Amino acid sequence: MEAFQVATLPVPSNPQQWLEYLHGKLARHRGHFRLFSDYYDGRHQKLAFAQARHLNEYGHVFERWRDNFCGLIIDSVNERLAIDGFRMTDEPEADRDAQDIWQRNHMDAESSAGHLDAMIAGASYAVVWADAEGEPTITMESAENIVVQYEPGSRRNIQAAAKFYTDDWGREWSTLWLPNQVVTFQAGTFGWANPSAAKTARNPLGIVPVVPLNNRGRLVGDPISDLTTVIPLQDAINKTVADALLASEYAAWPQRYVTGLEIVEDGAGNPVEPFKIAVDKLLQAEDPQAKFGQFEAADLSNYVSLVEMLVQHLASTSRIPFHYFLNTSGVAPSGESITAAEAGLIAKTRERMLHFGESWERVMRLAFKVLGDKRSDAYGAEVIWRDPENRTESQHMDALLKLKMIGVPTDQLLSDAGYTPQQITRFKSMREQDAKAAMELAQKYPVQDQQAQGPQDPAVQKEAMKPPQGNAGNAARKVVNPVKG
């Protein structure tokens with residue numbers, strides 16, 4: 001009996017093979033990425049009528065209708081993800097060089113776009129390289145354009161990565177990153193161009209300069225989109241609302257009936273409509289046995305109840321507070337109830353900070369590697385995230401004052417108050433200027449300063465040391481009439 005053999009794929013051995021392999025890998029997943037993107041943008045909306053004839057009759061009426069919660073679920077987390085700076089060393093202050101790199105690459109906005117795409121598609125990517133002047137550049141890329149391959153048995157070390165894109169003239173390009181080289185290809189008539197026509201450059205970093213921002217990373221499988229469990233519920237809501245719209249269309253004109261009236265037929269034996277019903281028409285019949293009536297209007301409250309139930313499931317699955325979706329009572333929730341309801345959302349946001357923060361630390365280490373700086377090995381670096389909780393100003397300041405009473409440093413309190421590292425640095429210079437101005441005023445107006453400190457003349461001090469007049473008589477009487485023991 002022959003031994004069972006498992007078929008294995010050949011390992012790519014040259015840039016051309018790597019490019020073809022990665023292109024096929026991206027093509028297998030690109031459809032899912034676009035599906036998630038369409039749901040986020042609301043382009044997925046297709047009315048699921050019960051019958052095809054309903055679609056033909058009413059599809060054009062409601063074709064622009066949109067009721068999409070997918071964007072809300074992603075945006076409610078993304079709007080709480082903001083990076084204020086980095087600490088690359090043991091110094092308590094934020095790293096100014098890291099902040100300069102961050103600002104030079106417009107990462108305040110680009111990082112938000114990266115977080116957004118990562119939660120939609122499951123991953124986004126940051127590419128670190130050097131510009132013509134040798135300064136580090138950071139560019140954010142979509143999972144629809146970039147694909148990576150990890151080393152066998154590793155979930156962190158990237159063996160190869162490639163970017164596929166189309167320029168404004170419709171030409172297809174690709175960039176392949178390997179640990180030792182970077183190759184740029186152009187697509188030809190029969191696939192990618194011959195490797196001899198590709199542009200090859202050395203990779204001075206020695207590693208693939210692509211950093212994935214994985215959303216909800218797991219030990220097995222690919223990163224998961226936040227919309228994976230939301231889409232089925234969103235489709236159910238769309239179907240229910242489509243049925244409600246169809247029912248409202250039929251119920252907009254109540255159906256009437258008549259009994260006891262002779263049915264008139266045409267020459268072909270088809271019944272002839274006896275009345276032309278309109279607003280200004282009156283129904284009447286000569287037969288005294290004829291009776292007119294009207295069917296009850298359709299009750300749409302059942303559809304409303306079903307949609308509310310589905311939205312509750314949607315809120316529970318996505319960990320988004322229910323008051324973000326609907327508020328049927330019309331009364332805004334109180335501050336304490338909002339805080340309690342947003343506990344799951346805050347926990348979800350902090351979890352994203354944990355995963356994304358690891359990727360941003362790696363990005364900054366790569367940026368310093370481009371500069372040849374020793375901070376490229378700063379594995380103790382950390383990201384300074386903005387507080388994701390929304391609190392009233394009075395509550396926040398009161399909590400910070402209590403923290404100051406137990407010894408929390410001022411710079412940390414300012415950071416917790418929401419000020420950026422640049423603002424905190426400016427505060428220090430402002431405090432120095434205030435102290436200097438106070439000293440100059442004290443030197444310029446010494447009299448006022450002495451009055452504030454009290455009398456300085458010895459005679460005045462001696463007069464001030466005399467006991468009060470009210471006690472002088474008591475002291476004299478004690479001398480004349482001492483108390484006998």
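How many bridges join β1 to strand β13, and in which sense do the two strands run? The model is predicted. In it, 4 bridges join β1 to β13, and the strands run antiparallel. Strand β13 covers residues 382-385. One of the pairs links G85 to I384, its bridge partner in β13. Strand β1 spans residues 83-87 and is mostly covered, with 5 of its 5 residues buried.

The chain as a whole contains 15 helices and 13 strands. It has 485 residues, of which 33% count as buried. Contacts were also examined by sequence separation. Among those with a separation of 6 or more, 64% are between residues 24 or more positions apart. The exposed surface of the chain amounts to about 31,100 Å². Carbon and sulfur atoms supply 53% of that area.

The nonpolar interior was analysed next. In soluble globular proteins, nonpolar side chains tend to be buried together. Here the largest nonpolar core holds 55 residues. Within this core, F86, L227, W360 and M364 touch the most other members. Helix α9, residues 343-370, gives the most to this core, contributing 10 residues. A second core is separate and consists of 14 residues. Its members include A123, Y125, A161 and W177.

Helix α9 was then checked for length and straightness. At 1.5 Å a residue, its 28 residues should span 40 Å. The end C-alpha atoms are 40 Å apart, in agreement with that value. A kink of about 25° is nevertheless present in α9, centred on F356. Just after α9, G372 takes a positive phi of about 70°.

Helix α1 covers residues 15-41 and was treated in the same way. For its 27 residues, 1.5 Å a residue leads to an expected span of 39 Å. The C-alpha atoms at its ends are 36 Å apart, which agrees. The kink in α1 is about 40° and is centred on H29. Buried residues of α1 include W18, L19, L22, L26, F33 and F36. Q16, K25 and S37 are also among the buried residues of this helix, as are Y39 and Y40.

Y39 lies in helix α1. Is Y39 buried or exposed? Its relative accessibility is 8%. Y39 therefore counts as buried, the cut-off being under 20%. Beyond residues up to four places away in sequence, Y39 touches H44, N68, C70, L227, I231, Q234 and D235. N68 is 29 residues from Y39 along the chain. The C-alpha atoms of Y39 and N68 are separated by 7.8 Å. L227, one of the residues touched by Y39, is also among the residues that touch the most other members of the largest nonpolar core.

Helix α6 covers residues 231-251 and contains P232. P232 has a relative accessible area of 51%. This residue is therefore exposed, since the cut-off is over 50%. P232 and L314 are 82 residues apart in sequence. In space, their C-alpha atoms are 9.6 Å apart.

Strands β4, β5 and β6 were examined through their pairings. Strand β4, residues 146-150, is joined to β5, residues 158-166, by 5 bridges. These two strands run antiparallel. V148 has A161 as its bridge partner in β5. A161 is also one of the members of the second core. Strand β5 pairs in turn with β6, residues 172-177, over 6 bridges in the antiparallel sense. In β6, W173 is the bridge partner of Y165. Strands β5 and β6 form a hairpin, with 5 residues between them. In the turn, G170 has a positive phi of about 85°. W177, within the residue range of β6, is included in the second core.

Positive phi values were also found outside glycine. For H106, which is not a glycine, phi is near 55°. H106 sits in the loop between α4 (96-104) and α5 (107-121). Its relative accessible area is 59%, so H106 is exposed. R319 has a positive phi of about 60°, although it is not a glycine. The loop that holds R319 runs between α7 (301-318) and α8 (335-341). R319 is partly exposed, with a relative accessible area of 37%.

Key. Residues are numbered from 1 along each chain as its sequence is written. This is a predicted model: local features need pLDDT of at least 70, side-chain atom pairs count only at pLDDT 80 or more; totals for chains, interfaces and linings use all residues. Side-chain values use heavy atoms; hydrogens and water are left out. Buried means under 20% relative accessible area, exposed over 50%, partly exposed in between (1.4 Å probe, protein chains only). Two strands pair if DSSP finds at least two bridges between them. Contact means heavy atoms within 4.5 Å. Accessible areas come from the Shrake-Rupley method with a 1.4 Å probe; for residues, only the protein chains shown count as cover. A nonpolar core is a set of buried Ala, Val, Leu, Ile, Met, Phe, Trp, Tyr and Cys residues joined through side-chain atoms within 4.5 Å. The expected span of a helix is 1.5 Å times one less than its number of residues. The bend at a residue is the angle between axes fitted to the seven residues ending there and the seven starting there.
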